[in-house]
Amino acid sequence: GSAIELRQRKKPKSSENKESAKEEKISETPVPERAPKHVLFQRFAKIFIGCLAAVTSGMMYALYLSAYHERKFWFSNRQELEREITFQGDSAIYYSYYKDMLKAPSFERGVYELTHNNNTVSLKTINAVQQMSLYPELIASVLYQATGSNEIIEPVYFYIGIVFGLQGIYVAALFVTSWLMSGTWLAGMLTVSWFIINRVDTTRIENSIPLRENWALPYFACQVAALTGYLKSNLNTYGERFCYLLMSASTYTFMMMWEYSHYLLFLQAISLFLLDSFSLERSDKIFVTAAKDYDFGFMQFDVASIDFNNNKVHEVYKIYIFSLFLGYLLQFENSALLVSPLLSLVVALMLVKCLQLNAKKETLVAKIMKVINFYLVCTLTVTLNIVMKIFVPHEENGHMLKFLEVKFGLKMTKNFTLNWLLCQKSLQAPSQEFFLRLTQSSLLPFYILVLIICFLSMMQVIFRRNNGKSLKETVTLEDGRIGERPEIIYHVIHTILLGSLAMVIEGLKYLWTPYVCMLAASGVCSSELWMTLFKWLRLRTIHPVLLALILSMAVPTIIGLSLWKEFFPRLMTELTELQEFYDPDTVELMTWIKRQAPVAAVFAGSPQLMGVIKLCTGWMVTSLPLYNDEDLLKRNENIYQIYSKRSAEDVYKILTSYKANYLIVEDAICNEVGTMRGCRVKDLLDIANGHVVYEESDRLTYSKYGRFCHEVKINYSPYVNYFTRVYWNRSYFVYKINTVISFQS
């Protein structure tokens, strides 16, 4: 029944009046009748089948990834060295620390060596756990030894098995989210189908297993699923508590697994803030006992009516604060969490919530106050973030701000690091092939359709609310108002924010595309969405409710059959084709290093190769393929000078300043033929060193030296005075850096 409001002009003089009001409300509120047994059985069967389908989908996807990985790399038939070479770049670094933890005499000793690590990068002691977010490796090593798996399975299979299992949880969480939004597990099946078919654009698990995002995003998907259920208006108390606990645990775990997690949660907080600002929530009877209005002449204030979802949103803010401070303490007082925009936004929201005075929603004063509150939140967020950065010691990500300035054309630069980042495919705008792939799988057209309907319905609700029309306590299918559901509105805003970023930086598509699959599937399977469309079209020839129910089943069935016919044979072909990862030159190089190089040797070369050397041999290197540390970025730029037009003496001074003993020149970089003009490493170095024309105002500067990587191979003075070639094959040339320089011609 509807909530009973007791209106009075003055405050009650005694507590008896309050008690009588509560008793009257409780007595007059009808007790809901218990559902018949056959209805309960149907609900249980529906939930059981849906949960079984979600678990099965996750398990099947994990098994598919395992089988595909085996076929792609022929993993079980390779030696340990060949398996490790399949981990490239930063993935090799993460897995190398997992190996170090297994070799440590105890867990405590292993953690200490990682937090005081001085045997990875020369002349540098780093806290690898904090800087590289190695908590997944710590957990994996503990599980491997605590469960006795060392007697059953090899470490590499245990490691990748955990990641593949998390990907199964990722898919299952998307399944559940789509199910919660549409009311049918058919939407979950369609979500999983689209996710797997478009996996080139939904995940990077195939090429880089140990990436932080592959460990973290499954927990974020669980958090989004819990948040979706938590925002639903018809959730019972036990379901609400379960969603709250799951959301709290997954939020904190997500924050621990990935150093950039707080930025993604910041976007989520903005989405919830907009949901709260639009006042798209209904009053809930759980929190409302009696609504008391006070009349001050020119305005009225409602001080007792509490909006259910409004309170829920602020409970989520508390989870953010708790996770941030707990993460700060357990991540070695990570100052990046204190200066994060997420903390500034949440604190500003809580402060404004405490200061604001809720006017009656249908008055002009309420609308003005809402605008003021919005302005206060934005202003306080920026102010708090600036203040925190002033008073909290932290490492400024200056290179990222400079990158964004260059990315958006605010300034030009010759800096090698910035131009190199701009040339990375993952940091460029999405290609046409990306949109073509999403269109061929029918995902993009249905996503646009669902997004337009939900967005317009949401705007319609906002317009009605601003005109003083209150929202209904319960929205039925016949109403055709999908825009009144808070969980739908949250996902619409969230996907718009993620999509806006993905349109600028292609690498962010891995955050956006999975939720495109989820929103599109939940929309086409939702009878409420089709009813909303028919309500606008004023369909009268056929009963709109019946047609909406039919389309919510027929459309996803047709989509599923077409996807099965076109893409299922391709997936089976991928599993039957035996591919082979063949890189004998790298295997030979690693074998030579392990057999011939001294244990205390330090190697210099490209960061990507240095990561593989650290993993396969354990030798110390001069640089790492990590881009969140300005010192490492500067090292990378200096080491890359081996591919520039610099003298042998200059290169020798650079290498010896990092205590390097061996130099590795890669023929693929030295003789690189890039498809994009000006994006080869040697081109970027020439621009940074002023050896080519970059702007019309610049003068052409010639270098009297040839390109070092070419000249050092010829073995003539002065190059042979500084460097002695000790090993080479088709891809790599290894030079020993002479400690005693001979100037013989």
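Accessible areas here come from the Shrake-Rupley method with a 1.4 Å probe. The model on display is predicted.

**The whole chain**

Begin with the entire protein chain selected. Its exposed area is about 36000 Å², and carbon and sulfur atoms supply 61% of that surface. Of the 745 residues in the chain, 51% are buried. Colouring by secondary structure will bring out 33 helices and 7 strands. Among contacts with a separation of 6 or more, 73% join residues 24 or more positions apart.

**The sheet**

Next, select the strands E3 to E7 and orient the view on them. They form an open sheet of 5 strands, in the order E4-E3-E5-E7-E6, with mixed pairing. Strand E4 (620-621) and E6 stand at the edges with a single partner strand each, so one side of each has no neighbour in the sheet.

Move inward to strand E3 (residues 602-604). E3 pairs with E5 in the parallel sense, over 2 bridges. Display Phe603 here, and the residue opposite will be Tyr662 in E5.

Now follow strand E5 (residues 662-666) across to E7: this pairing is antiparallel and has 5 bridges. Show Leu663 and look for its bridge partner in E7, which is Tyr735.

Keep Tyr735 on screen and turn to strand E6 (residues 723-728). E6 and E7 run antiparallel and are joined by 5 bridges. In this pairing Tyr735 of E7 is the bridge partner of Arg725. Tyr735 therefore serves as a convenient point of reference, as a bridge partner of both Leu663 and Arg725.Trp728 of E6 can be added to the view: this residue stands opposite Phe733 in E7. Tracing the backbone from E6 to E7 reveals a hairpin, with 3 residues between the two strands.

Why is E7 described as largely enclosed by the rest of the structure? A residue counts as buried when its relative accessible area is under 20%. Strand E7 (residues 732-737) has 5 of its 6 residues buried, so the rest of the structure largely encloses this strand.

**The largest cavity**

Leave the sheet and turn to the interior spaces. A search of the whole structure finds 4 cavities of 30 Å³ or more. The largest cavity has a volume of about 70 Å³.

To see its surroundings, select Phe416, Thr417, Trp420, Pro607, Gln608, Tyr627, Leu633, Asn636, Glu637 and Tyr640, which line the largest cavity. Then show the helices that contribute to this lining. Helix H19 (416-423), helix H27 (607-616) and helix H28 (630-639) each supply at least two lining residues. Colouring the lining by residue class gives 6 nonpolar, 3 polar and 1 charged.

**A covered helix**

With H19 and H28 still displayed, select helix H31 (residues 681-688). How many of the residues of H31 are buried? The count is 7 of 8, and the helix is mostly covered. The buried residues are Val681, Lys682, Asp683, Leu684, Leu685, Asp686 and Ile687. Lysine and aspartate side chains can thus be inspected among the buried positions, at Lys682, Asp683 and Asp686.

What covers the buried residues of H31? The cover includes H19, H28 and helix H30 (667-670). Continue along the chain past the helix to Gly690, which follows H31 and has a positive phi, near 75°.

**Two buried positions in other helices**

Select Ala548, in helix H25 (residues 544-576). Is Ala548 buried or exposed? With a relative accessibility of 0%, Ala548 counts as buried. Leaving aside residues up to four places away in sequence, Ala548 touches Ser527, Trp530, Met531 and Phe534. A distance can also be displayed from Ala548 to Ser526: the two C-alpha atoms are 8.3 Å apart in space, while the residues are 22 apart in sequence.

For the last stop, select Gly239, in helix H12 (residues 237-257). Gly239 has a relative accessible area of 18% and is buried; the cut-off for that class is under 20%. Display the distance to Ala226, which is 13 residues away along the chain: the C-alpha atoms of Gly239 and Ala226 are separated by 9.7 Å.

Note on methods. Residues numbered from 1 in each chain as written. Predicted model: local features only at pLDDT ≥ 70, side-chain atom pairs only at ≥ 80, totals over all residues. Heavy atoms only, no water. Helix = DSSP H or I, 4+ residues; strand = E, 2+ residues; numbered from the N terminus. Buried < 20%, exposed > 50% of the residue type's maximum accessible area, 1.4 Å probe, protein only. Contact = heavy atoms within 4.5 Å. Pairing = 2+ DSSP bridges. 1 Å grid on protein atoms, 1.4 Å probe; cavity = no way out; pocket = protein on both sides within 12 Å on 5 of 7 lines; lining within 4 Å. Points joined across faces, edges and corners; volume = space filled by probe spheres on them. Nonpolar A, V, L, I, M, F, W, Y, C, P; charged D, E, K, R; others polar.
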